[in-house]
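Reader: I am new to this structure and would like to understand it through its charged pairs and its enclosed space. May I put some questions to you?

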Amino acid sequence: MSTRELEQGNGPLPRQIPYIITNEACERFSFYGMRNILVPFLVSTLLLFIPSEHRTSEAKHVFHTFVIGVYFFPLLGGWLADRFFGKYNTVFWFSLIYCAGHACLALFEHHLEGFYFGLFLIAFGSGGIKPLVVSFVGDQFDQTNKKKAKIVFDAFYWSINFGSFFASLLMPIFLRDYGASVAFGIPGILMFIATLVFWMGRHKYVHVPPQAPNADSFTRVAKTALLAQAPGQARPGLAVAAIGAALAVLSLAMSFKWGFVIAACTAIVLLLAFGGIGTAMQLERARGKHSDEAVDGTRAVLRIFIVFALITPFWSLFDQKASTWIVQANDMVRPTYELLGWSFKFEPAQMQALNPLFVMLLIPLNNILIFPMLRKIGIEPTPLRRIGAGIMLSSMSWIVIGTIQLVMDGGTPVSMTWQVLPYVLLTAGEVLVSATGIEFAYSQAPASMKGAIMALWYLGTTIGNLWVLILNASVKNEGVLGYISTTGLSVMAFQMYFCAAFAALAGTIFAVYAMRYKMMDFYRKD
């Protein structure tokens with residue numbers, strides 16, 4: 001390897017990467033294996049005590065509440081890794097909690113509290129994995145081989161979908177033919193293998209030590225900016241943050257009416273939004289008390305917050321493929337396929353296997369064909385351009401799925417095969433948003449906050465699922481139902497078109513903001 005290649009960031013791939021990629025493939029099999037059969041299991045088995053007309057709604061509520069937990073606890077995991085235990089230790093010990101959660105699902109298939117406790121353990125265990133494994137991959141690179149990082153991030157995302165594909169294809173059959181204990185037990189075994197493989201590479205990894213608390217951390221700079229007084233000037237930023245805090249308290253007080261999850265998540269959104277705006281308004285007041293580097297780093301994080309916030313509608317659409325889309329598929333015609341004299345039918349939950357399958361096809365297609373073609377005609381597919389296009393594609397997928405629902409509402413039988421088109425569109429959007437967002441989030445994070453900023457990336461999925469819970473709760477309101485009836489649409493079709501419009505609006509705003517965003521480079525220098 002020549003010195004010039006090293007200086008340009010084209011050095012060799014780190015030899016420890018295969019351990020992390022293998023670990024991720026097994027872990028994703030375990031996660032998607034249980035996640036993709038969760039709604040069918042709840043509807044068919046665990047929630048039979050609920051009247052049939054409310055069972056589907058409750059199953060969707062449980063599913064999206066679980067997903068909210070999965071993507072909320074990374075806030076804790078990222079903080080523990082950054083400040084105390086480091087990424088490797090945090091991932092390893094939280095993985096053991098994760099394994100215990102899978103064991104509970106397999107053991108308590110007919111016990112509501114035991115099963116829900118298993119879901120909690122998996123969500124909690126995810127908090128030590130999701131924000132850290134990705135940034136742990138990034139830690140293995142430095143300035144000499146940083147250009148190889150994109151290849152590995154794509155391979156990393158490809159491995160996620162490799163595991164997800166087989167889990168989505170096989171677990172619905174195991175649930176149907178062998179029962180919940182086997183269907184939830186197999187993902188647990190894969191999670192144990194994932195933990196073992198990760199442990200085997202422990203002596204080969206680059207271990208970036210936890211960051212000691214410092215006076216120039218993001219939270220301390222933000223606190224200084226909000227509380228700083230300027231001669232003859234008020235503190236409008238502090239007033240904005242205080243309004244956000246008051247609204248957050250009011251949101252928590254509404255727990256009895258909204259439910260704790262919606263109220264708590266809304267409170268978090270209000271604190272982050274108003275606190276971020278208030279900090280930005282007075283950030284320059286922190287100069288002098290903090291280094292210019294710290295103040296500029298805080299401004300970079302605030303700008304990243306805006307990007308993450310505008311992506312949240314995408315997650316609200318994407319995660320409903322495992323709930324709303326399965327519910328729709330249950331009412332569709334299941335086509336029969338013949339292969340080598342063997343006849344079989346797809347289960348509705350197996351349609352989700354299309355998503356990882358298309359991901360594995362689209363990632364190399366983008367890198368080998370589409371992106372080079374765009375560059376040849378003078379269009380550089382920057383991370384922000386890719387993310388914006390992905391949000392708009394997700395909107396298009398929901399226009400198609402809503403149109404399918406309209407046909408079904410009209411009484412025409414529709415084959416599940418028609419869901420292939422929206423899956424293609426949604427997956428194309430996912431590749432552009434999620435795979436790119438992982439790379440973007442790491443590269444834009446200052447060194448002391450890489451774990452935390454990745455946790456905030458995943459928090460965006462929590463907020464996306466919050467929008468789903470709010471939407472599902474709103475259609476139980478008599479006033480909302482009355483308005484929907486005037487549109488001539490069914491409740492499900494109305495929700496689908498509303499989701500499409502929501503994502504289209506977010507994508508438009510994102511495109512405008514992306515034109516003003518200045519990219520940063522925070523890869524490790526040594």
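Reader: Which residue meets the side chain of Arg-28 in a salt bridge?

Author: This is a predicted model, in which local features need pLDDT of at least 70 and side-chain atom pairs count only at pLDDT 80 or more, while totals for chains, interfaces and linings use all residues. Residues are numbered from 1 along each chain as its sequence is written, and side-chain values use heavy atoms, with hydrogens and water left out. A salt bridge is a side-chain nitrogen of Lys or Arg within 4 Å of a carboxyl oxygen of Asp or Glu. At 2.7 Å from N to O, the partner of Arg-28 is Glu-27.

Reader: Is Arg-28 buried or exposed?

Author: Buried means under 20% relative accessible area, exposed over 50%, and partly exposed in between, with a 1.4 Å probe and protein chains only. Arg-28 falls in the same class as Glu-27, and that class is buried.

Reader: How many residues apart in sequence are the parts that Arg-176 and Glu-347 tie together?

Author: Arg-176 and Glu-347 form a salt bridge, with the closest N and O atoms 3.1 Å apart. Arg-176 is partly exposed because its relative accessibility is 46%, whereas Glu-347 counts as buried because its value is 17%. Helices (H or I, at least four residues) and strands (E, at least two) are DSSP runs, numbered from the N terminus. Since Arg-176 lies in helix α8 and Glu-347 in the loop between β2 (342–345) and α16, the pair ties together parts whose separation in sequence is 171 residues.

Reader: Which residues are joined into one network with Asp-292?

Author: Asp-292 meets Arg-287 in a salt bridge of 3.2 Å, N to O. Asp-292 is partly exposed, with a relative accessible area of 47%, and Arg-287 is partly exposed at 28%. Through salt bridges that share partners, Asp-292 is joined with Glu-284, Arg-287, Asp-296 and Arg-299.

Reader: Which helix supplies the largest share of the lining of the largest cavity?

Author: A cavity is a set of points, on a 1 Å grid over the protein atoms alone, where a 1.4 Å probe fits but cannot get out; lining residues have an atom within 4 Å of a point. The largest cavity holds about 340 Å³ of space, a volume being the space filled by probe spheres set on the points. Of its 30 lining residues, the closest to the centre are Arg-28, Tyr-32, Tyr-71, Lys-130 and Ser-434. The largest share, six residues, comes from α8.

Conventions. 1 Å grid on protein atoms, 1.4 Å probe; cavity = no way out; pocket = protein on both sides within 12 Å on 5 of 7 lines; lining within 4 Å.
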